[in-house]
Amino acid sequence: MAKMMDIKDKTYAGEQRVYECIESNLPDEVICYYNREINGRQFDFCLLIEHMGMLVIEVKGWSFSNIIRVISPDIIETNLYQDPVGSPKKTSSKL
């Protein structure tokens, strides 16, 4: 069971599911920080994995039915927003 350093936020269902999966399925050696801010940018999850490194996870609560088309690797058109959405990779690149 991963060591969770922060309390689960009940605002976003997608983040709740990922939180529960990390907590329940990863080994004790994994330390997880949730919804922290670094240099004015916020990440959803940061996993510190002993002898491997760290992994930052950005969660989007979309389902397959919400995606209309992938315009490019950086732009996705969904039925959730009026305009196409930029890549989550681009939003987290300054961490």
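**Exercise 1. In which order do the three strands of the open sheet stand, and is their pairing parallel or antiparallel?**

*Solution.* The structure is a predicted model, in which local features need pLDDT of at least 70 and side-chain atom pairs count only at pLDDT 80 or more, while totals for chains, interfaces and linings use all residues. Residues are numbered from 1 along each chain as its sequence is written, and side-chain values use heavy atoms, with hydrogens and water left out.

Step 1. Helices (H or I, at least four residues) and strands (E, at least two) are DSSP runs, numbered from the N terminus. Two strands pair if DSSP finds at least two bridges between them.

Step 2. The order of this open sheet is 5-6-7, and the pairing is antiparallel.

Step 3. Strand 5 (67-72) and strand 7 (85-86) are the edge strands; each has a single partner strand, so one side of each lacks a neighbour in the sheet.

Step 4. Four bridges join strand 5 to strand 6 (residues 75-78) in the antiparallel sense. Ser-72 has Ile-75, in strand 6, as its bridge partner.

**Exercise 2. Describe the open sheet of four strands and the helix that lies across it.**

*Solution.* Step 1. The strand order is 1-2-3-4, and the pairing is mixed. Strand 1 (3-4) and strand 4 (53-57) are at the edges with a single partner strand each, so one side of each is left without a neighbour in the sheet.

Step 2. Strand 3 (residues 41-49) and strand 4 run antiparallel and are joined by five bridges. Leu-48 has Met-54, in strand 4, as its bridge partner.

Step 3. Helix 1 (residues 13-25) lies across strand 1, strand 2 (30-38), strand 3 and strand 4, and runs at about 15° to strand 3. Axes are lines fitted to C-alpha atoms, for helices over the stretch in contact (heavy atoms within 4.5 Å). Angles run from 0 to 180 degrees between N-to-C directions.

**Exercise 3. Determine how Tyr-19 and Tyr-34 are placed with respect to each other.**

*Solution.* Step 1. Rings of Phe, Tyr and Trp (its six-membered ring) pair if their centres lie within 6.5 Å; planes under 30 degrees apart count as stacked, over 60 as edge-to-face and the rest as tilted.

Step 2. The structure holds two aromatic pairs. In one of them, Tyr-19 and Tyr-34 are 5.4 Å apart centre to centre, with 75° between the planes, and the pair is edge-to-face. Tyr-19 belongs to helix 1 and Tyr-34 to strand 2, 15 residues apart.

Step 3. Both Tyr-19 and Tyr-34 are buried. Buried means under 20% relative accessible area, exposed over 50%, and partly exposed in between (1.4 Å probe, protein chains only).

Step 4. Tyr-19, Tyr-34 and Phe-45 form one aromatic cluster.

**Exercise 4. Compare the surroundings of Asp-44 and Asp-28: which residue is buried, and which is exposed?**

*Solution.* Step 1. Asp-44 is found in strand 3 and counts as buried because its relative accessibility is 6%. Asp-28, in the loop between helix 1 and strand 2, counts as exposed because its relative accessibility is 54%.

Step 2. A polar contact is a pair of N or O atoms within 3.5 Å; within protein, one must be able to donate a hydrogen and the other to accept it, and residues adjacent in sequence count only if both atoms are side-chain atoms. A polar atom of the Asp-44 side chain lies 2.6 Å from the backbone nitrogen of Val-59. The side chain of Asp-28 reaches the backbone nitrogen of Met-1 at 2.8 Å.

Step 3. Not counting residues up to four places away in sequence, Asp-28 touches Met-1 and Lys-3, whereas the residues that Asp-44 touches include Glu-15, Tyr-34 and Val-59.
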